[in-house]
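The exercises below are meant to be worked with the sequence and the coordinates side by side. Each task is followed by a solution that proceeds step by step.

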Amino acid sequence: MKVPSNLVRDIRKHYCEQLCSVYGNDESSAMILMLLEHYFNITRVKMALEPDLRLSESEMLTFHFAVKDLLKNKPIQYIIGETEFCDLKFKVNENVLIPRPETSELVMNIDKRQKTQDKRQLSIIDIGTGSGCIAISLAKNIPDSKVHALDISEKALEVAKENALNNNVDITFIHDDILSLRNKIDTKFDIIVSNPPYVRELEKAEMRDNVLNWEPHNALFVSDNDPLIFYRKILKFAKNNLNEEGEVWFEINEYLGKEMTDLCKEMGFSQVEIIKDFRGRERVVGVME
Ligand SMILES: C[S@@+](CC[C@H](N)C(=O)[O-])C[C@H]1O[C@@H](n2cnc3c(N)ncnc32)[C@H](O)[C@@H]1O
C-alpha cells in the first residue's frame, strides 16, 4: 500500500499501521516519532504547531527505508546509529552491543560507592568495553580517573574510540583477548569492571529476534558448560592487577547469582555483594578486596 500523501500526519499514520503487527501500537508510535526527530528534527510540538508539515521526496525515501529495516527487526539504535546511556550520547553499530539500562545501574552503583570514599586519581579498567559506554561514563563521572578499556573486537574498539572523542574523555584502549592475554598489563587498578558475555546458549530460545539476529554474538553468548568463564578469568586477572582495597564490579546473568557468589569466594574474594536491578533481578555484583 502506498503512502496517501507526503503530509507528516499521513506518513505517521501509514507507517504506524505497518509497524503495529510487529511492535504493537505504543512502541510503533514511539519509534516513528524517534525517526522523525532524528532525521528531520520534527518533534511532537512542531507537528502540533504545523499540522500541514510535509516531507520532500528524498525525505520520504529515507523514512521508508528506516521503516523497512524496523520491519526486519533491526534495532532502532542501529538504524539511527546512536543511543543514550547515563545521559551521554553513544554511537552504535552492529559491531557493538546496544548499551542496556541495567548496565547504567552498574555504573550508578560504582559511582555511588566512590562518592562515599576519599580516593584520588582512581585507576580503572573496563573489560569487554564494546561501545565504551561503561568506561566513558565512569571517566566522565569520576574526575581525575585514569581509565583503560579492553576488547577483543577491533571494530568495537573503533566505535568506542569515536565515542570517547565525542564525549571528550581520554581512555587508553587495549585490543586483547581477556581469556588469553597477549599484552602484559602491569598496571594496578582500583576498579576492575566488566559486563562480559554471559547469555547461555540454552537461553537463546527466550531472546527476541531484534537481539538474536542483529547484535554481535561474541558480545552475548557463552557455552552452557562454562557460563562463568569470563568472570573466572577476570577474577584471576584481579588477583594480580587489583590494588589493595580495590573493587571488582560485574554485570551478571540474573539466573547465576548464587554461582557467581560461590565463584568469587572460591577464588578468595570474601566480600561479595549482589545488587538487584530496577526490576528486582540479581544483576550487579560488587567484589571488595
Ligand atoms: C556484553 S558486551 C558488553 C559491551 C559493553 N561493555 C556494554 O556494557 O554495553 C561484551 C563485550 O565483550 C567483548 N568480548 C567478547 N569476548 C572477549 C574476549 N575474549 N576478550 C575481550 N573482550 C571480549 C565483546 O566484543 C563485547 O564488546
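**Exercise 1. Place one valine in the fold of this predicted model.**

Task: Where does Val 159 lie, is Val 159 buried or exposed, and with which residues beyond its sequence neighbours is Val 159 in contact?

Solution. Step one is the location: Val 159 belongs to helix 8, and the model in which this is read is a predicted one. Step two is the burial: Val 159 has 22 C-beta neighbours inside 10 Å, and since the cut-off for a buried residue is 20 or more, Val 159 counts as buried. Step three concerns the contacts: once the neighbours within four places in sequence are set aside, Val 159 touches Lys 91, Val 92, Asn 93, Asn 95, Val 96 and Ser 131. One of these, Val 96, is 63 residues away along the chain, yet its C-alpha atom and that of Val 159 are separated by 7.7 Å.

**Exercise 2. Set two residues with positive phi against their surroundings.**

Task: In which loops do Cys 86 and Asn 168 sit, and which burial class does each receive?

Solution. Step one is the backbone: Cys 86 has a phi near 50°, a positive value in a residue other than glycine, and Asn 168, also not a glycine, has a positive phi of about 65°. Step two is the position: Cys 86 is found in the loop between strand 1 (82-85) and strand 2 (88-91), while Asn 168 is found in the loop between helix 8 (154-166) and strand 5 (171-175). Step three is the count of neighbours: Cys 86 has 20 C-beta neighbours inside 10 Å and therefore counts as buried, whereas Asn 168, with 10 other C-beta atoms within 10 Å, is exposed.

**Exercise 3. Describe how helices 1, 2 and 4 pack.**

Task: For each pair among these helices, what is the orientation, and which residues make the contact?

Solution. Two packed helices are described by the angle between their axes and the distance between the axes.

Step one takes helix 1 (residues 8-23) and helix 4 (residues 57-71), whose axes come within 10 Å and cross at roughly 15°. Angles under 35 degrees count as roughly parallel, and helix 1 and helix 4 are therefore roughly parallel to each other; their crossing is right-handed. From helix 1, Ile 11, Tyr 15, Gln 18, Leu 19 and Val 22 meet Phe 63, Val 67, Leu 70 and Leu 71 of helix 4. By class, the residues of this contact are eight nonpolar, one polar and no charged.

Step two takes helix 2 (residues 25-40) and helix 4, which pack at an angle of about 140° with their axes 11 Å apart. Helix 2 and helix 4 are therefore oblique to each other, and the crossing of this pair is right-handed. The contact brings Met 31, Leu 35, Tyr 39 and Phe 40 of helix 2 to Glu 59, Thr 62, Phe 63, Ala 66 and Leu 70 of helix 4. Its residues divide into seven nonpolar, one polar and one charged.

Step three takes helix 1 and helix 2, whose axes come within 8 Å and cross at roughly 135°. That angle makes helix 1 oblique to helix 2, and helix 1 passes helix 2 in a right-handed crossing. Helix 1 contributes Val 8, Arg 12, Tyr 15, Cys 16, Leu 19, Cys 20 and Tyr 23, and helix 2 contributes Asn 25, Glu 27, Ser 28, Ser 29, Met 31, Ile 32 and Leu 36. This contact comprises nine nonpolar, three polar and two charged residues.

**Exercise 4. Characterise the shell around the ligand.**

Task: Which residues come nearest to the ligand, and which secondary-structure elements each supply at least two residues of the shell?

Solution. Step one is the list: 22 residues surround the ligand, and of these Gly 128, Gly 130, Ile 152, Asn 195 and Ala 219 come nearest. Step two is the origin: helix 7 (133-141), strand 4 (146-151) and helix 10 (217-220) each supply at least two shell residues. Step three is the composition: twelve residues of the shell are nonpolar, eight are polar and two are charged.

**Exercise 5. Summarise the chain as a whole.**

Task: How many helices and strands does the chain have, and what share of its residues is buried?

Solution. Step one is the count of elements, which gives twelve helices and eleven strands. Step two is the burial, with 32% of the 289 residues counted as buried. Step three adds the extent, since the C-alpha trace spans about 65 × 40 × 35 Å along its principal axes. Step four considers contacts between residues at least 6 apart in sequence, 65% of which join residues at least 24 apart.

Key: Residues numbered from 1 in each chain as written. Predicted model: local features only at pLDDT ≥ 70, side-chain atom pairs only at ≥ 80, totals over all residues. Near = placed C-beta within 6 Å. Helix = DSSP H or I, 4+ residues; strand = E, 2+ residues; numbered from the N terminus. Nonpolar A, V, L, I, M, F, W, Y, C, P; charged D, E, K, R; others polar. Buried ≥ 20, exposed ≤ 12 C-beta atoms within 10 Å, placed from the backbone. Contact = placed C-beta atoms within 7 Å. Axes fitted to C-alpha atoms, helices over the stretch in contact; angles between N-to-C directions. Parallel < 35°, antiparallel > 145°, perpendicular 65-115°, else oblique. Left-handed = near helix turned anticlockwise from the far one by under 90°.
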